[in-house]
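Visitor: I would ask for a close account of one part of this model, together with the elements that surround it.

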Amino acid sequence: QVQVVESGGGLVQAGGSLRLSCAASGSIARVNAMGWYRQAPGKQRELVATITGGGTTNYAHSVKGRFTISRDNARNTVYLQMNSLKPEDTAVYYCNAGLTNYDYLSAVYWGQGTQVTVSS
């Protein structure tokens, strides 16, 4: 059974920083692309940042220059370093992981989400 678990959310003042982590565990042969998405109240879930297995990154325009996505392939973990946080970054942040099992079947898994609240 595969699990994707986020951690690191919390409450921070505007201008502050937070680091989110997301670890995939279970019967995993390979971790493919991983990413972070967020959903604010009353809004649709949106992409924040993604990183491929080879390390190529992609960011939403609204976070470019402030957020950094990285991964540790040995730990099947992806990170999101968030600096210069703004109140509009407040949302539930979800981790997304493309995983291949030992039967060579691939699927996309989502974490349960972690709340990030930025006060003004």
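Visitor: Where is Ser-84 placed?

Guide: The model is a predicted one, and every value below is computed from it. Ser-84 lies in the loop between E8 and E9. Its phi is positive, about 50°, although Ser-84 is not a glycine. With a relative accessibility of 40%, Ser-84 counts as partly exposed, because that value falls between the 20% and 50% limits. A description of this loop leads naturally to the two strands on either side, and E8 may be taken before E9.

Strand E8 covers residues 77-82 and pairs with E7 in the antiparallel sense over 6 bridges. Within this pairing, Ser-70 has Tyr-79 of E8 as its bridge partner. The hairpin of E7 and E8 has 4 residues between the strands, and Asn-76 there takes a positive phi near 50°. Strand E7, residues 67-72, has two faces: Phe-67, Ile-69 and Arg-71 make up the covered face, while Thr-68, Ser-70 and Asp-72 make up the uncovered one. Ser-70, the partner of Tyr-79, therefore belongs to the uncovered face of E7.

Thr-77 is also part of E8. Its relative accessibility is 7%, so Thr-77 counts as buried. Beyond residues up to four places away in sequence, Thr-77 touches Ser-70, Arg-71 and Asp-72, and also Cys-22, Ala-23 and Met-34. The C-alpha atoms of Thr-77 and Cys-22 are 5.4 Å apart, although the two residues are 55 apart in sequence.

Cys-22 introduces the disulfide. A search of the whole structure finds 1 disulfide, and it joins Cys-22 to Cys-95 with an S to S distance of 2.0 Å. The partners come from distant parts of the chain, 73 residues apart: Cys-22 is in strand E3 (residues 18-25) and Cys-95 is in strand E9 (residues 91-100). The torsion about the S-S bond is about -80°, so this disulfide is left-handed. Both Cys-22 and Cys-95 are buried.

Through Cys-95 the description reaches E9, the strand on the other side of the loop that holds Ser-84. Asn-96 is found in E9 as well and, at 11% relative accessibility, counts as buried, because this value is under 20%. Asn-96 and Ala-24 are 72 residues apart in sequence, with their C-alpha atoms 9.6 Å apart in space. Not counting residues up to four places away in sequence, Asn-96 touches Ala-33, Met-34, Gly-35, Tyr-37, Val-108, Tyr-109 and Trp-110.

Two of those contacts, Tyr-37 and Trp-110, meet again elsewhere. The structure holds 1 aromatic pair, formed by Tyr-37 and Trp-110 in an edge-to-face arrangement, at 5.1 Å centre to centre and with 65° between the planes. This pair also links distant parts of the chain, since Tyr-37 is in strand E4 (residues 30-39) and Trp-110 is in strand E10 (residues 106-110), 73 residues apart. Trp-110 has a relative accessibility of 39% and so counts as partly exposed. Arg-45 lies over the face of Trp-110, at 4.7 Å from the ring centre, and over the face of Tyr-94, at 3.7 Å from the ring centre.

Both strands beside the loop also contribute to the interior. The largest nonpolar core has 31 residues, of which Trp-36, Leu-80, Met-82 and Tyr-93 touch the most other members. The elements that give two or more residues to this core are E3, E4, E5 (46-51), E7, E8, E9 and E11 (114-119), and E9 gives the most, with 5 residues. The contacts of Tyr-93, leaving aside neighbours within four places in sequence, include Trp-36, Leu-80 and Met-82, as well as Glu-6, Leu-20, Phe-67 and Val-116.

A last comparison concerns the loop on the far side of E9. Tyr-104 is found in the loop between E9 and E10 and has a positive phi of about 65°, although it is not a glycine. At 71% relative accessibility, Tyr-104 counts as exposed, whereas Ser-84 is partly exposed.

How values were computed
Residues numbered from 1 in each chain as written. Predicted model: local features only at pLDDT ≥ 70, side-chain atom pairs only at ≥ 80, totals over all residues. Heavy atoms only, no water. Buried < 20%, exposed > 50% of the residue type's maximum accessible area, 1.4 Å probe, protein only. Pairing = 2+ DSSP bridges. Disulfide = S-S within 2.5 Å. Phe/Tyr/Trp six-rings, centres within 6.5 Å; stacked < 30°, edge-to-face > 60°. Lys NZ or Arg CZ within 6 Å of the ring centre and 35° of its normal. Core = buried A, V, L, I, M, F, W, Y, C linked by side-chain atoms within 4.5 Å. Contact = heavy atoms within 4.5 Å.
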